[in-house]
Amino acid sequence: MFKKNRHGIQLKSAAQVEKMRAAGLVVARTLELLRTTVQPGMTPLDLDVAAEEAIRNEGAIPSFKGYQGFPATICASVNDEVVHGIPTDSRKLREGDIISIDCGAILDGWHGDSAITVGIGVVDPALTELMRVTEEAMWRGIAALRVGGHLSDIGFQVERYVRSQGRYGIPQEYGGHGIGTEMHMDPWVANHGRPGRGPKFEAGMCFAIEPMVNLGTDRTRVLDDDWTVVTMDGRPSAHFEHSVAVTEDGPLVLTALDGGASRFPRAGAGVTPETGETGL
């Protein structure tokens, strides 16, 4: 029923990609709701409750809740928390904080997964720049998803851009993944490395591209809750993610409201892995 290539990577038909797009739009609308409502005084748990309601109101299921024991609908990672923060009501968000909101939904058996990092009120310019760099690095990685390219082209583009912007840390042990009938599927997608290595991209492959970038060191540790990842030096981290399908016409961003059209307005647009030059 589900075709795979010789590397075991799931290949979706055009109809299956459309189903993934529907799941992705549930996630996109949920994150947009949270982006526009988050404010000082709210707790991460407030966001979690709103996210679950939004997902279930669309007939979808929160994919994080219960996954390997995770207790919530979203991951909410504040300031020095890199990923996998558990939303609680034990603290309120304050002016100047940044929060990564990672969200997943299952619709008709297909998964969508996306993350944004949002500033709470007015934030330090260094944090605004950290978020900009991380989001742009994600888009650079997505642009590498062209038929005939290689898996390692994603991490090469992510790392290349981040390194060009200053002294930031890229956690080596965390990255993106394949996505489809499961939230986490082969292959793992590094946010660093050399280009031209690994499986070649084929139409119908789908990946979650998710750079995490730290303001300081790349070193991290996991808290006693066995989920929350924090930076070793206590400095902030940002995280952005989109689920993306490889098509003959270039990347289709399944969890972007416009499908990525504002970023890739023409068929075949992308980045040449070896040079980083845009094809626009």
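Colleague: How much of the chain is made up of buried residues?
Modeller: Keep in mind that this is a predicted model. A residue goes into the buried group when its relative accessible area is under 20%. Of the 280 residues in the chain, the buried share is 55%.

Colleague: And what radius of gyration does the chain have, set against a compact globule?
Modeller: A compact globule with 280 residues would come out near 19 Å. The C-alpha atoms here fill a box of roughly 45 × 45 × 35 Å along the principal axes. The chain agrees with the globule value, since its own radius of gyration is 18 Å.

Colleague: Okay, what is the chain built from in terms of helices and strands, and what share of contacts joins residues 24 or more positions apart?
Modeller: The secondary structure comes to four helices and 16 strands. For the contacts, take those with a separation of 6 or more. Within that set, residues 24 or more positions apart account for 69%.

Colleague: Let's zoom in on glycine 24. Is it buried or exposed, and which residue is 232 residues away in sequence but 7.5 Å away in space?
Modeller: Glycine 24 is in helix H1, residues 14-37, and its relative accessibility is 0%, so it counts as buried. Leaving out residues up to four places away in sequence, it touches Gly112, Leu254 and Thr255. The residue 232 positions along the sequence and 7.5 Å away, C-alpha to C-alpha, is alanine 256.

Colleague: Where is serine 63, and is it buried or exposed?
Modeller: Look in the loop between strand S3 (61-62) and strand S4 (74-78). Beyond residues up to four places away in sequence, serine 63 touches Gly104, Ala105, Ile106, His111, Gly112 and Met183. Its relative accessibility is 6%, so serine 63 counts as buried.

Colleague: Why is cysteine 103 not bonded to the closest cysteine sulfur?
Modeller: A disulfide is a covalent bond between the sulfur atoms of two cysteines. To count as one, the two sulfur atoms must be within 2.5 Å. Cysteine 103 is buried, at 0% relative accessible area. Its closest cysteine sulfur belongs to cysteine 75, and that is too far for a bond, because the gap is 9.4 Å.

Colleague: What about cysteine 206, and how many disulfides turn up in the whole structure?
Modeller: Cysteine 206 is buried as well, at 2% relative accessibility. Its closest cysteine sulfur is in cysteine 103, 18 Å away, so that pair is too far apart for a bond. A search of the whole structure gives a disulfide count of zero.

Notes. Residues numbered from 1 in each chain as written. Predicted model: local features only at pLDDT ≥ 70, side-chain atom pairs only at ≥ 80, totals over all residues. Heavy atoms only, no water. Helix = DSSP H or I, 4+ residues; strand = E, 2+ residues; numbered from the N terminus. Buried < 20%, exposed > 50% of the residue type's maximum accessible area, 1.4 Å probe, protein only. Contact = heavy atoms within 4.5 Å. Rg over C-alpha atoms; globule rule 2.2 N^0.38 Å.
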